[in-house]
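Reader: I am new to looking at protein models, and I would like to learn how to read the empty spaces in one. Could you take me through an example slowly?

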Amino acid sequence: MGKLTQARLESLGAYPFERLKKLFSGLTPNPSLLHIDAGAGEPRLPLPKFVGDVLNANLSGFSKYPATRGNAPLPQAIADWLKQRYKLAHIDADTEILTANGTREALFAIAHALVNPAAEQKPYVMMPNPMYQIYYGAAVTAGAKPYLLPCIAKHDFAPILDAVSAETWQNTAFVYVCSPSNPTGWIAGRNYYARLLELADVHDFYIVADECYSEIYWQDKPLGLLEVAQDLGRDDYARCLVMNSLSKRSALPGLRSGLIAGDADLIAHFAKLRSYTGVATPLPLQHVAAAAWSDEVHVQQHLRIYRDSLAAFFDAWGEGEPPAGSFFVWLAVENDEAFAKAAYEQQAITLLPGSYLGAEDSDGYNAGSGFVRLALVDGVKKAAELAQRLKKVKV
Ligand SMILES: Cc1ncc(COP(=O)(O)O)c(C=O)c1O
């Protein structure tokens, strides 16, 4: 391995679930209780009915190479979904859409498409803190400097933009936004996205919006970046790239299928990189994905379960409110690691310490510390039981 690559990789901590394994090593979960896994954000809902049929009908596609940009009918199905979901007047399936093998790889790869460490221009990649850890890993391995936008309770967990200097914006290649947010549940409003677009124009950077949880919300349907861009008259989606996934909306994390949409020039540039990295989605899976983007019935069924789970959790917990979006509860605790260990040993519950989803700022402060993340992905009954058992945890 090259020295530079090795140094960048070594500067990254272990992935949160590896850290959790280490934290729990030597501990025994309470043997008298059934284990509840609220750690991983993996929806555990029944497979949508159409999956098997569509897969079987398209098995012969395994005999062919798929295209990097996606094959018919998937890009058009994605374009149609984006149009109806975000009331877009147009989005072109050929030039403004790419398919992804789940958004994780695409969120990682985009940093490698947009950062130019050799030229030392625009070294910053901005991201919320706490964050989906891929953003941080992508920025570091691409040779960028991660710039952390703190998300704190006092500001409703919105990544704070106003404290950033003009010089820093000027040196920013792109900004990751996560709305609805994993882990805080914050949703970007119209003004937030509009402000970011304004800054992007003034300081010449891109916005990469991770909207994977767009179909999981408590009350108001989350806005999308493309929708806000269109409403501001930017219907070429300049500087915008949106990613979304079937993992959460359709409870198909194993399908590894997502979408990339937005600025046609950036899409062309990214498609070129992707044609070399070889991330085309197998044809039979593309057909399943097209069916999943074309059906809202299963999405509504899932939404009902997530909402009922959140309601059941907070009823049993007795205080606080469900997040605006996502199926995560971001719970304030005294010491997140100590709470996670106690929950595991006393109540056989796995949850994630918030500090594992954050990074330390220049003052050594980790904006994820003092919180734990619970994923309500096991149905309504388990969500209520989770709250009841958590109430008994003593640190
Ligand atoms: C915020 C966020 N973005 C992206 C992903 C990646 O999902 P996938 O690669 O399954 O599309 C996840 C998965 O947990 C996530 O929480």
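Author: Let us begin with a strand and the space beside it: E9 gives the most to the lining of the second largest pocket, with 5 residues. Please keep in mind throughout that this is a predicted model.

Reader: How is such a space found, and what volume does the second largest pocket have?

Author: The general idea is that rolling a probe the size of a water molecule over the atoms shows where empty space is left. In this structure, the second largest pocket has a volume of about 480 Å³, and 22 residues line it, with Thr184, Glu321, Pro322, Pro323 and Ala324 lying nearest its centre.

Reader: Which elements each supply at least two residues of that lining, and how do its residues divide by character?

Author: Helix H13 (297–317) and strand E9 (328–332) each supply at least two residues. By character, the lining of the second largest pocket consists of 14 nonpolar, 4 polar and 4 charged residues. You can also ask about domains, and here the lining draws at least three residues from each of domain 1 (3–46 + 298–391) and domain 2 (65–295).

Reader: What lines the largest pocket, and which residues lie nearest its centre?

Author: The largest pocket, which holds about 570 Å³ of space, is lined by 29 residues, and those nearest its centre are Tyr15, Gly41, Arg104, Tyr132 and Lys248. Three helices, H2 (16–24), H5 (103–114) and H10 (246–249), each supply at least two residues of this lining, and the largest share, 3 residues, comes from H5. When the lining residues are sorted by character, 13 are nonpolar, 9 are polar and 7 are charged.

Reader: Why does the largest pocket lie between the two domains?

Author: The reasoning rests on who contributes to the lining: domain 1 (3–46 + 298–391) and domain 2 (65–295) both give residues to the largest pocket, so it lies between them.

Reader: How should I read the meeting of the two domains itself, and how many residues from each take part in the contact?

Author: It helps to take the distance, the contact and the buried area in turn. The centres of domain 1 and domain 2, taken over C-alpha atoms, are separated by 24 Å. The contact takes 36 residues from domain 1 and 37 residues from domain 2. Between the two domains about 3,100 Å² of area is buried, and carbon and sulfur atoms give 63% of this. On the side of domain 1, Arg8, Tyr15 and His298 supply 17% of the area that this domain buries against domain 2, more than any other three residues. Notice that Tyr15 is also among the residues nearest the centre of the largest pocket.

Reader: How many salt bridges does the rule find across that interface?

Author: The rule finds 0 salt bridges across the interface of domain 1 and domain 2.

Reader: Finally, how many cavities of 30 Å³ or more are there, and what lines the largest cavity?

Author: A cavity differs from a pocket in that the probe fits inside but cannot get out. The search of the whole structure finds 1 cavity of 30 Å³ or more, and the largest cavity has a volume of about 50 Å³. Its lining includes Ile36, Asp37, Ala38, Lys382 and Leu386. Strand E1 (36–37) and helix H15 (380–391) are the elements that give two or more residues to this lining, and H15 has the largest share, with 3 residues. By character, the lining of the largest cavity has 7 nonpolar, 1 polar and 3 charged residues.

Key
Residues are numbered from 1 along each chain as its sequence is written. This is a predicted model: local features need pLDDT of at least 70, side-chain atom pairs count only at pLDDT 80 or more; totals for chains, interfaces and linings use all residues. Side-chain values use heavy atoms; hydrogens and water are left out. On a 1 Å grid over the protein atoms alone, a cavity is a set of points where a 1.4 Å probe fits but cannot get out, and a pocket is an open set with protein on both sides within 12 Å along at least five of seven lines; lining residues have an atom within 4 Å of a point. Grid points are joined across faces, edges and corners, and a volume is the space filled by probe spheres set on the points. Helices (H or I, at least four residues) and strands (E, at least two) are DSSP runs, numbered from the N terminus. Ala, Val, Leu, Ile, Met, Phe, Trp, Tyr, Cys and Pro count as nonpolar, Asp, Glu, Lys and Arg as charged, and the others, Gly among them, as polar. Domain bounds come from an automatic or database domain assignment. Contact means heavy atoms within 4.5 Å. Buried area is the accessible area (1.4 Å probe) that two parts lose on being put together, summed over both. A salt bridge is a side-chain nitrogen of Lys or Arg within 4 Å of a carboxyl oxygen of Asp or Glu.
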